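Colleague: Hi, I've got a few minutes before group meeting. Could you walk me through this one?

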Amino acid sequence: MTAFTVRLPDETTDRLDQLAEKLDRSRSYVAAQAIEDFVARQEWQIAEMEAGLAEAERGEFANEQELAAVLAKYIKPAG
């Protein structure tokens, strides 16, 4: 396991300490979990963007009907 130093604003450190206390965990544990979650989320987002770019490069785009169906799920008709 690797250890390294991270500089945080005092307010963030205070919030981290409060959270760690409420979770009955160490500051180090909570910080490590936050970093692991961040890394996993960023990896997922980048992979999704790369997959989307690869689809676009292959010319795989939604047609008008497919786009309309997706939009209809999220946009209510006016009126």
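Modeller: Sure, and first a word on naming: helices (H or I, at least four residues) and strands (E, at least two) are DSSP runs, numbered from the N terminus. This is a predicted model, where local features need pLDDT of at least 70, side-chain atom pairs count only at pLDDT 80 or more, and totals for chains, interfaces and linings use all residues. Residues are numbered from 1 along each chain as its sequence is written, and side-chain values use heavy atoms, with hydrogens and water left out.

Colleague: Great. Where is phenylalanine 38 found?

Modeller: Phenylalanine 38 sits in helix α2.

Colleague: And is that side chain buried or exposed?

Modeller: In between: phenylalanine 38 has 46% relative accessibility and counts as partly exposed. The scale calls a residue buried under 20% relative accessible area, exposed over 50%, and partly exposed in between (1.4 Å probe, protein chains only).

Colleague: Which residues make the nonpolar surface patch?

Modeller: Phe38 is one of them, together with Phe4, Val6, Leu8, Ile35 and Val39, and the patch covers about 550 Å². Patch members need over 30% relative accessible area and no salt bridge; like charges are joined within 9 Å, nonpolar side chains (Val, Leu, Ile, Met, Phe, Trp, Tyr) within 5 Å. The areas are Shrake-Rupley values with a 1.4 Å probe, and for residues only the protein chains shown count as cover.

Colleague: Switching to charges, how many salt bridges does the structure hold?

Modeller: Two, each being a side-chain nitrogen of Lys or Arg within 4 Å of a carboxyl oxygen of Asp or Glu. Aspartate 17 pairs with arginine 27, with 2.7 Å between the closest N and O atoms. That pair links distant parts of the chain, as aspartate 17 is in helix α1 (residues 10-23) and arginine 27 is in helix α2 (residues 27-57), 10 residues apart.

Colleague: Nice, a link between helices. How does arginine 27 count for accessibility?

Modeller: Arginine 27 is partly exposed at 44%, and its partner aspartate 17 is partly exposed too, at 28%.

Colleague: Which side chains meet in a salt bridge at 2.9 Å, N to O?

Modeller: Those of glutamate 60 and arginine 58. Glutamate 60 is partly exposed, with a relative accessible area of 43%, while arginine 58 counts as exposed at 53%.

Colleague: Back to the link between α1 and α2. Which residue in the loop between α1 and α2 should I look at?

Modeller: Try aspartate 24, which is found in that loop. Its phi is near 55 degrees, a positive value in a residue other than glycine.

Colleague: Interesting! Is aspartate 24 buried or exposed?

Modeller: Aspartate 24 is exposed, with a relative accessible area of 70%.

Colleague: One last topic, distances. How many Å apart are glutamine 42 and glycine 52 in space?

Modeller: They are 15 Å apart, C-alpha to C-alpha, with their positions 10 residues apart in sequence. Glutamine 42 lies in helix α2, and glycine 52 has its place in α2 as well.

Colleague: And how accessible is glycine 52?

Modeller: Glycine 52 counts as partly exposed at 34%, and glutamine 42 is partly exposed with 28%.

Colleague: What separates the C-alpha atoms of glycine 52 and methionine 1?

Modeller: Their separation is 34 Å, for two residues that are 51 residues apart along the chain.
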